[in-house]
Amino acid sequence: MAQEDGRRLFNGKVGRLIGLNSSPTSLQLFLGPTCYRDFLGTNLFHAAQIARIDPTFRADALGLSALVLTHDGFAALGLRSANVAFHAKWLHTFGGLLEEADRVPDGYDLSESLRRELKEELGVKAEEIFSMSVTGLVRDRAIEQPELIYDVALRLSRAAVLGRFQTENDHEHT
């Protein structure tokens with residue numbers, strides 16, 4: 001299906017949300033491995049059917065999404081390319097999935113994963129991030145995917161972000 005539509009797909013190891021504990025002041029995530037192929041086959045194309053059977057059969061690849069704010073007060077959003085596997089042509093925040101490169105001995109480094117995604121998608125370097133904080137965990141109802149939401153404040157202006165986006169973007173967004 002992806003080939004017919006001209007979309008790019010890959011299969012690789014990604015991080016999965018297995019469970020969580022929460023309180024008014026903390027959020028503890030339990031993560032494990034899955035792969036992009038299983039995410040596409042469960043969450044992306046068959047989430048509704050699987051939810052009727054048993055939602056624990058979903059791959060539940062954990063997404064990281066950032067509401068990125070420039071230092072001059074603009075929110076950075078991207079129009080997703082027609083070539084991506086999901087949310088094509090949607091206005092969307094920047095981020096991605098936990099990848100194998102984000103693994104550390106005791107799990108995943110979520111903050112480094114988000115920094116990697118912001119570098120890949122916007123050309124933002126770690127030292128250009130003023131602050132980064134988790135604001136919540138949601139489930140994207142369109143694809144039944146768990147999504148960790150961040151607020152990210154940059155030291156960069158809107159003009160600087162636009163300039164990098166236009167020259168360094170991997171064409172996931174237009």
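Me: How many residues lie between S1 and S2 in the hairpin that they form?
Reply: In this predicted model, strand S1 covers residues 13–23 and strand S2 covers residues 26–35. The two strands form a hairpin, and the number of residues between them is two.

Me: In which sense do strand S1 and strand S2 pair, and over how many bridges?
Reply: Two strands count as paired if at least two bridges are found between them. S1 and S2 pair in the antiparallel sense, and the number of bridges is ten.

Me: Which residue of S2 is the bridge partner of Gly19, and which stands opposite Leu20?
Reply: Leu20 stands opposite Leu29 in S2. For Gly19, the bridge partner in S2 is Phe30. The names asked for are therefore Phe30 for Gly19 and Leu29 for Leu20.

Me: How many salt bridges does a search of the whole structure find?
Reply: A pair counts when a side-chain nitrogen of Lys or Arg is within 4 Å of a carboxyl oxygen of Asp or Glu. Searched in this way, the whole structure yields a total of twelve.

Me: What N to O distance is found in the salt bridge of Asp60 and Arg58, and are these residues buried or exposed?
Reply: The side chains of Asp60 and Arg58 meet in a salt bridge, with an N to O distance of 3.4 Å. Arg58 has a relative accessible area of 7%, and buried means under 20%. Asp60 and Arg58 are both buried.

Me: How many residues apart are Arg58 and Glu144, which form a salt bridge?
Reply: The closest N and O atoms of Arg58 and Glu144 are 3.6 Å apart. The pair links distant parts of the chain: Arg58 lies in the loop between helix H2 (36–53) and strand S3 (63–69), and Glu144 in the loop between strand S10 (129–140) and strand S11 (145–154), so the separation along the chain is 86 residues.

Me: Why does Glu144 count as buried?
Reply: Buried means under 20% relative accessible area. Glu144 counts as buried because its relative accessibility is 15%.

Me: Where do Glu120 and Arg116 lie, and which of them counts as partly exposed?
Reply: The side chains of Glu120 and Arg116 meet in a salt bridge at 3.2 Å, N to O. Both residues lie in helix H3 (residues 110–122), four residues apart, about one turn of the helix. Arg116, at 16% relative accessibility, counts as buried. The partly exposed residue, at 33%, is Glu120.

Me: Which residues do salt bridges that share partners join into one network?
Reply: Arg58 has a salt bridge with Asp60 and another with Glu144. Salt bridges that share partners join these residues with others into one network, whose members are Arg58, Asp60, Arg139, Arg141 and Glu144.

Note on methods. Residues are numbered from 1 along each chain as its sequence is written. This is a predicted model: local features need pLDDT of at least 70, side-chain atom pairs count only at pLDDT 80 or more; totals for chains, interfaces and linings use all residues. Side-chain values use heavy atoms; hydrogens and water are left out. Buried means under 20% relative accessible area, exposed over 50%, partly exposed in between (1.4 Å probe, protein chains only).
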